[in-house]
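Me: I have this model open and would like a close look at a single part of it. Could you pick one strand and walk me through its surroundings?

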Amino acid sequence: MQEYTIGRFIDPFTDFGFKRLFGSEPHKDLLIDFLNQLFLGERQIVDLAYNKNEHVGQLLEDRRVIFDLSCTGLDGEQFIIEVQRLRQQYFKDRCVYYTSSLIREQAPPGVPRWDYRLKPVYLIGLMDFTFDDTLPDQYLHKIQLTRLGTGEVFYDKLGYTFIEMPKFNKTESELVTELDNWFFLLKNLSKLDKIPVFLRKPIFSKLFNIAEVCKLNKIERMAYDSSLKYQWDWYNSLDYIQKEGFEKGMERGREEGFEKGIDEGIEKGIIEGRQEEKITVARGMKKKGLDNSLISELLELTLEEVEKL
């Protein structure tokens, strides 16, 4: 099992940590500054109003959606901020579904005629994992609807920004922009034991002050510890799946390898062994009361497989 320690500052990639830093009215200037650096030259955000994180569709059969953060700008533009620490098989699909939910909600109910004029919807995905189809040095991805061939923007009211934080490896001396500073801070906050000189600016000083673990009250500390424990339990579960699945797979693969070819047999055995360990972990998650759909997404099992356990 991997050992983890709690540092001086909270981990912004935990559910508690991100919402403490960016998810409340007194701290919204932090979120505004971060978004303005992301949209620099494209959009200037003056103010934000926080929305309910739970989105319920207009119809009873609509699926409930829970955002990490959702807010609206002065001009009615909507922002969804999703923090995703763990790889999910259909993360891109989920992001498209989330934005579609907000777009559909803009249709006024009970109005016989509507001109379909939409307010912009943007999703920001702050990821602690990487996509499989991007280059090693590409960590910031801005997506819009464009024309094939020319790359010209076809529709500018729907946008996705994905940040692959594991690929951001700039050192302090390589930081050039304020966005660089933000990325460095988010990636390294929980590892810092003091405030770097280059981050001693009012906006970052406020963030460090909010992020100090020693300033959490008893209830906040319990919530943070719980958030960390869930994260650590998950990583230990992944380690278990990888280690045990590999060992079982090697053993089974060698047995089958004499008949089917050593390499093919081992590869098949490893896959089947990891699948068995996923099932074991899924049973444990169900006993702890986790939702079937969440277990399905986290372990990349089908919903039917989880429901049968």
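Reply: Happy to, and here is a tour of one strand and its partners. This is a predicted model, so let's settle on a part where confidence is good: strand β8 has the highest confidence in the protein, with a mean pLDDT of 97. For the protein overall, the mean is 82, and 77% of residues reach 70 or more.

β8 covers residues 153-164 and pairs with β7 (residues 140-146) in the antiparallel sense, over 7 bridges. Within that pairing, Lys-142 has Thr-161 as its bridge partner. The two strands make a hairpin with 6 residues between them, and in the turn Gly-149 takes a positive phi of about 95 degrees.

Now for the other neighbour, β6 (residues 121-127): it runs parallel to β8, and 7 bridges join the two. Here Leu-123 stands opposite Tyr-160 of β8.

Stepping back, these strands belong to an open sheet of 6 strands with mixed pairing, in the order β1-β4-β5-β6-β8-β7. Its edges are β1 (48-50) and β7, each of which pairs on one side only. Neighbouring strands in this sheet are turned against each other by 25 degrees on average, ignoring direction. Helix α3 (residues 91-105) lies across β5 (78-84), β6 and β8, and runs at about 155 degrees to β5.

A friendly caution for when you wander elsewhere: helix α7 (residues 262-287) has the lowest confidence, at a mean of 62. Over residues 258-262 pLDDT stays under 50, and the model has 2 contacts beyond four places in sequence for that stretch. Where pLDDT is low, predicted coordinates should not be read in detail.

How values were computed: Residues are numbered from 1 along each chain as its sequence is written. This is a predicted model: local features need pLDDT of at least 70, side-chain atom pairs count only at pLDDT 80 or more; totals for chains, interfaces and linings use all residues. Side-chain values use heavy atoms; hydrogens and water are left out. Two strands pair if DSSP finds at least two bridges between them. Helices (H or I, at least four residues) and strands (E, at least two) are DSSP runs, numbered from the N terminus. pLDDT is the predictor's confidence in each residue, from 0 to 100. Contact means heavy atoms within 4.5 Å. Axes are lines fitted to C-alpha atoms, for helices over the stretch in contact, and angles run from 0 to 180 degrees between N-to-C directions.
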